[in-house]
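This report describes the fold of one protein chain, starting from a single turn and working outward to the sheet, the helices and the whole chain. The sequence and structure follow.

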Amino acid sequence: MAFDEGELPPVRGDDLLGADAATLRFRLQPHLVLLELGHAVDRYMDLVRMQDAGLRGAASHAVADRAGRPVVTGRRPALRREHVWLAVHRYENTIYFKRLDLEAFRLLAALRDGRTLSEALELALADADPHLDWGGRIRGMFETWAALGWLCHHPGTDVPSS
């Protein structure tokens, strides 16, 4: 799904100047899929890719992982149990997994579900640690998402289309 879906014009930073967070809504790119999982699938896929690359690039039956430990080929690594929030997305015709923290996942999910920016922020930060710099973190999230082109204009929004 993340590979085959279309792409809409992304939101530009200039489009948001003067926008009201109480009425502002976004869409997510159709090729962006949010997953809440009980296993570290992203880490597992990284290990499998490393193992497969080692098989193609080495004559022996063992390769080294990032820490320099030998990895026995022919057997897949164990799938570790862990609560993980992932964004699966396409960028320049390649599929990527991006691990999200709970607040980022909740924020994107709320925006995907049609919530206004104010509502989405309230939902995302309901249980968040109040001692963290959420203004800076949220700004960083939006900078990353804008760079990846994840956010699009919501139909009916008062923000001009790009």
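## The turn between strand 5 and strand 6

The model is predicted. Strand 5 and strand 6 form a hairpin with two residues between the strands, and in this hairpin Glu92 has a positive phi near 50 degrees. Asn93 also lies in the loop between strand 5 and strand 6, and its phi, near 60 degrees, is positive as well although the residue is not glycine. Most residues other than glycine have a negative phi.

Are these loop residues buried or exposed? Glu92 has a relative accessible area of 66% and is exposed. Asn93 reaches 58% relative accessibility. Because the cut-off for exposed is over 50%, Asn93 counts as exposed too.

## The three-stranded sheet

The hairpin belongs to an open sheet of three strands, ordered 2-5-6 with antiparallel pairing. Its edges are strand 2 (33–39) and strand 6 (94–100), each of which pairs on one side only. On average, neighbouring strands of this sheet are turned by 30 degrees against each other, direction ignored. Strands of a sheet pair through backbone hydrogen bonds, either parallel or antiparallel.

Strand 5 covers residues 81–91 and pairs with strand 6 in the antiparallel sense over seven bridges. Along this pairing, His89 stands opposite Tyr96 in strand 6, and Trp85 stands opposite Leu100 in strand 6. Strand 2 and strand 5 also run antiparallel and are joined by six bridges. Here Val33 faces its counterpart Val88 in strand 5, standing opposite it.

## Helix 2 across the sheet

Helix 2, residues 102–112, lies across strand 2, strand 5 and strand 6. Relative to strand 2, helix 2 runs at about 140 degrees.

## Helix 4 and its two sides

Helix 4 consists of 15 residues, 134–148. From its first C-alpha to its last it reaches 21 Å, close to the 21 Å expected at 1.5 Å a residue.

Which residues of helix 4 are buried? They are Trp134, Ile138, Met141, Phe142 and Trp145. These residues cover an arc of only 95 degrees around the axis, so they are on the same side of helix 4. The face turned away from this buried side carries the exposed residues Arg139, Glu143 and Ala147.

What do the buried residues of helix 4 pack against? Their partners are strand 1 (26–28), helix 2, helix 3 (117–124) and strand 7 (151–153). Helix 2 is thus named in two settings: it lies across strand 2, strand 5 and strand 6, and the buried residues of helix 4 pack against it. Gly149 follows helix 4 and has a positive phi, near 70 degrees.

## The chain as a whole

The protein has four helices and seven strands. Along the sequence they follow the pattern β-β-α-β-β-β-β-α-α-α-β.

Of the 162 residues in the protein, 33% are buried. Among contacts with a separation of 6 or more, 67% are between residues 24 or more positions apart. The exposed area of the protein is about 9,900 Å², and carbon and sulfur atoms supply 53% of it.

Notes. Residues numbered from 1 in each chain as written. Predicted model: local features only at pLDDT ≥ 70, side-chain atom pairs only at ≥ 80, totals over all residues. Heavy atoms only, no water. Pairing = 2+ DSSP bridges. Axes fitted to C-alpha atoms, helices over the stretch in contact; angles between N-to-C directions. Contact = heavy atoms within 4.5 Å. Buried < 20%, exposed > 50% of the residue type's maximum accessible area, 1.4 Å probe, protein only. Areas by Shrake-Rupley, 256 points an atom, 1.4 Å probe, with all protein chains shown as cover. Expected span 1.5 Å × (residues − 1). Arc of directions from axis to C-beta.
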